[in-house]
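Biologist: I would like to learn how to read a model of this kind, feature by feature. Could you take me through the one shown here?

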Amino acid sequence: MIRIRPAETADLTSALSIIRQTQEIFKTQGIDQWQNGYPNLQTLQHDLAHGWGRVLEEDGQTVAYFALSFDGEPNYRRIENGSWLTPGPYSVLHRLAVRTDKRRAGYAKQICRYWEAQTAERKFTALRADTHKNNRPMTALLLSQGFSYRGVIYVSDGTPRNAFEKPLH
């Protein structure tokens, strides 16, 4: 049985392990994302404190971790080489990571469907996300779920990220 639920303090160890697995995959693929110690335990604790952290479980085992924010994203105020399609309000997906042995099994698509349902339930107008320009799996996931490339945003350390948006009608 698969379920998505809010992450709890007891989930931090498994969530951090999944994040570290993803960091290692990025490193071996030459993707310069999450290679500077981010996200870390403090990031996940911040997610929990704000109610953003989520886990996807299968038969009681944590398979994926992600954060959903319905509070806007300061880094999205400025977008270059493009524009957003909607004025807002919007939700944001951050820190999506799936256990290495469960990759390519459709969990990320389930998370996207959950994200969209949660956003629609709040009557928000769009979903937004960003990723490293070389993160082809995340880019492919977003495009397969109806997102369009909108331009470039800059994360807090000043590095560029490709920005995507999916309006809800």
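Biologist: Which residue in β5 is the bridge partner of Val 92?

Modeller: In β5, Val 92 has Arg 128 as its bridge partner. Before we go on, note that this is a predicted model, in which local features need pLDDT of at least 70 and side-chain atom pairs count only at pLDDT 80 or more, while totals for chains, interfaces and linings use all residues. Residues are numbered from 1 along each chain as its sequence is written, and side-chain values use heavy atoms, with hydrogens and water left out.

Biologist: How are the strands ordered in the sheet, and which are the edge strands?

Modeller: Strands of a sheet pair through backbone hydrogen bonds, either parallel or antiparallel. Helices (H or I, at least four residues) and strands (E, at least two) are DSSP runs, numbered from the N terminus, and two strands pair if DSSP finds at least two bridges between them. Here seven strands form an open sheet of mixed pairing, in the order β1-β2-β3-β4-β5-β7-β6. The edge strands, each pairing on one side only, are β1 (2-6) and β6 (148-154). From one strand to the next the twist averages 30°, where angles run from 0 to 180 degrees between N-to-C directions and axes are lines fitted to C-alpha atoms, for helices over the stretch in contact.

Biologist: Which way do β3 and β5 run relative to β4?

Modeller: β3 and β4 run antiparallel and are joined by five bridges, with Ala 67 standing opposite His 94 in β4. β4 and β5, by contrast, run parallel and are joined by three bridges. Further along, six bridges join β5 (residues 126-131) to β7 (residues 160-167) in an antiparallel arrangement, and in that pair Leu 127 stands opposite Lys 166 in β7.

Biologist: Is β4 enclosed or open to solvent, and what connects it to β5?

Modeller: Nine of the nine residues of β4 are buried, so this strand is largely enclosed by the rest of the structure; buried means under 20% relative accessible area, exposed over 50%, and partly exposed in between, with a 1.4 Å probe and protein chains only. β4, α3 and β5 make a right-handed β-α-β unit, a crossover being right-handed if, with the strands pointing away from the viewer, the path from the first strand over the helix to the second runs clockwise.

Biologist: What does Thr 22 touch?

Modeller: Contact means heavy atoms within 4.5 Å, and, not counting residues up to four places away in sequence, Thr 22 touches Trp 34, Ala 97 and Val 98. Thr 22 lies in helix α1 (residues 12-28) and counts as buried, at 3% relative accessibility. Thr 22 and Ala 97 are 75 residues apart in sequence, yet 6.2 Å apart in space, C-alpha to C-alpha.

Biologist: How is the packing of two helices described, and at what angle do α3 and α4 pack?

Modeller: Two packed helices are described by the angle between their axes and the distance between the axes. α3 and helix α4 (residues 136-144) pack at an angle of about 50°, with their axes 11 Å apart. That makes α3 oblique to α4, since angles under 35 degrees count as roughly parallel, over 145 as roughly antiparallel, 65 to 115 as roughly perpendicular and the rest as oblique. In this contact Ala 108, Lys 109, Cys 112 and Trp 115 in α3 meet Leu 141, Leu 142 and Ser 144 in α4.

Biologist: Which peptide bonds are cis, and which residues other than glycine have a positive phi?

Modeller: Most residues other than glycine have a negative phi, and most peptide bonds are trans. In this model a cis peptide bond joins Tyr 38 and Pro 39, with omega about -10°, and Pro 39 is in the loop between α1 and α2 (41-49). The peptide bond from Gly 88 to Pro 89 is also cis, with omega near -5°, and Pro 89 is in the loop between β3 and β4. As for phi, Arg 95 has a positive value near 55°; Arg 95 is found in strand β4 and counts as buried at 9% relative accessibility. Arg 104 has a positive phi of about 65°; Arg 104 is in the loop between β4 and α3 and is exposed, with a relative accessible area of 71%.
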